[in-house]
Amino acid sequence: MELLNDLKTMLKKNIREYGMFIALFAIMLVFSILSDGVFMSPRNISNLINSMGYIAVLAVGMTLILIIKHIDLSVGYVAGFLGAVAAMLMTSWDLPVLLVIPIILFLGILIGLFNGFMVAKLQLPAFVVSLAGMLIFRGALLQVTAKTGTIIIPNKTFNNIGVGYIPDPVKLIPGFHTLTLVIGALFIVFFILSQFKNRKNKLKYQFEVVPIKIFYIKLVFVSALIAYVTYILSDYNGLSWTVVIVLIVVALYHFLTTKTVLGRHIYAVGGNDEAAKLSGIDVKKVTLFVFSSMSMLAALSGILYTARLQSATVTAGTGFELDAIASAYVGGVSAAGGVGKVTGSIIGALVMASLTSGMNLLNVGASYQYIIRGAILILAVVFDVQTRNKAK
């Protein structure tokens, strides 16, 4: 009985963090039942996770943008345009992949610096600046693809970024991708050790921690979830290069936002920019960094999407920014700014991708899919507002 009370208390205090996990579990359970288990098949789960890669990368950058109470509507067509530029550099200019990727990422940074300059230095509304950017880069995408409409990419190395899987030199277990299992096991060990370290540090500085029984339940639940996903992926083709890239991006930005001074400054600016200025934080530099980071990740998203399609098309980037914003809000980013986690936005992206995949399996019409996804976004924001009101 005491354990149940502790569990209820923890859920109430951390409902923003754990609510999305509950929603994801419920969505997967419902679609698995309705599709007679097809939804949870190794092939479908692998395709689902790989297909959300380019949106997950955008959601990471959008998380920081929304935390500082701005928005960037240009990222979709920035991704589409830079993906087309990458295709053009490889097909028309015969540049190698190892040179094309840094060029595209650098162009993304330059675009973000320009957006950040307009917002931070010239004090223009981010909505207007990014809306203008959306129109500009949509036109630029049409211009780059004007001759053929679609630029086919024959480069196998580049295409493997979107459709390839990591090799398995071990091959100890027949029928399973052994290296994926090893990586999953190491990830579980790292997760458990980091949780114990965080708990020890909180106790050291007399911060509130969850009861030890709840702590162990969390460890077992998350470890089991990681193990299950790893097992599912290893039963198909293993980890894709897209997933590896997304994991690296999430790890870097999670470290940035939780362990660095810059991360604390980003949250401070989002919480109250005037107070941040008075405390000595350079709000303009923080804004410049966040916007340049966003467009760099948009460039990476464009690379992932173009590599997945193995071509650049005139429609690339359409609606990407809306999916990224929805993923961030569903993942727990506050509409009021100053609150949100990179890891939460990834779960949000997984929730939205699971909805799309499940509805496609059930042959739900496109019109109803848009309505349902819009309703989910509204519910997420309503939940955020209600949570903030209760906290006051």
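Which residue lies over the face of Phe215? In this predicted model, the residue is Arg199, placed at 4.9 Å from the ring centre. Phe215 itself counts as buried because its relative accessibility is 5%, and buried means under 20%.

Phe215 also takes part in a ring-to-ring contact. A search of the whole structure finds ten aromatic pairs. In one of them, the ring centres of Phe196 and Phe215 are 5.2 Å apart and the planes meet at 75°, so the pair is edge-to-face. The contact links distant parts of the chain, with Phe196 in helix 9 (residues 178–204) and Phe215 in helix 10 (residues 212–234), 19 residues apart. Unlike the buried Phe215, Phe196 is partly exposed, at 35% relative accessibility.

A further aromatic pair is formed by Tyr305 and Phe320, and this one is edge-to-face too, with 4.9 Å from centre to centre and 75° between the planes. Here again distant parts of the chain are linked: Tyr305 belongs to helix 14 (residues 283–309) and Phe320 to helix 15, 15 residues apart. Tyr305 is buried at 16% relative accessibility, and Phe320 is buried as well, with a relative accessible area of 5%. Together with Tyr54, Tyr305 and Phe320 make up one aromatic cluster.

Charged side chains come next. How many salt bridges does a search of the whole structure find? The search gives two. One of them joins Arg373 to Asp323, with the closest N and O atoms 2.5 Å apart. Arg373 sits in helix 17 (residues 366–391) and Asp323 in helix 15 (residues 320–330), so this salt bridge ties together parts that are 50 residues apart in sequence. Arg373 is buried, its relative accessible area being 18%, which places the residue under the 20% limit for that class. Asp323, at 25% relative accessibility, counts as partly exposed. Helix 15 therefore appears in two of these contacts, through Asp323 and through Phe320.

The other salt bridge connects Lys277 with Glu274, and its closest N and O atoms are 4.0 Å apart. Both residues lie in helix 13 (residues 273–278), three residues apart, about one turn of the helix. Why can such a spacing bring two side chains to one side of a helix? An α-helix has 3.6 residues a turn, so residues three or four places apart point the same way. Lys277 is partly exposed, at 46% relative accessibility, and Glu274 is partly exposed with a relative accessible area of 46%.

On the surface, a nonpolar patch is formed by Val30, Leu34, Val38, Leu361 and Leu362, with about 380 Å² of accessible area together. One of its members, Leu361, lies in helix 16 (residues 342–361). Leu361 counts as partly exposed, with 34% relative accessibility.

Helix 5 (residues 75–91) offers a simple check on geometry. At 1.5 Å a residue, its 17 residues should span 24 Å, and the end C-alpha atoms are 24 Å apart, which agrees. Is helix 5 mostly covered or mostly uncovered? Helix 5 is mostly covered, with 15 of its 17 residues buried.

Methods
Residues are numbered from 1 along each chain as its sequence is written. This is a predicted model: local features need pLDDT of at least 70, side-chain atom pairs count only at pLDDT 80 or more; totals for chains, interfaces and linings use all residues. Side-chain values use heavy atoms; hydrogens and water are left out. Helices (H or I, at least four residues) and strands (E, at least two) are DSSP runs, numbered from the N terminus. Buried means under 20% relative accessible area, exposed over 50%, partly exposed in between (1.4 Å probe, protein chains only). Rings of Phe, Tyr and Trp (its six-membered ring) pair if their centres lie within 6.5 Å; planes under 30 degrees apart count as stacked, over 60 as edge-to-face and the rest as tilted. A charge sits over a ring if NZ of Lys or CZ of Arg is within 6 Å of the ring centre and within 35 degrees of the ring normal. Patches are made of residues with over 30% relative accessible area and no salt bridge: like charges are joined within 9 Å, nonpolar side chains (Val, Leu, Ile, Met, Phe, Trp, Tyr) within 5 Å. Accessible areas come from the Shrake-Rupley method with a 1.4 Å probe; for residues, only the protein chains shown count as cover. The expected span of a helix is 1.5 Å times one less than its number of residues.
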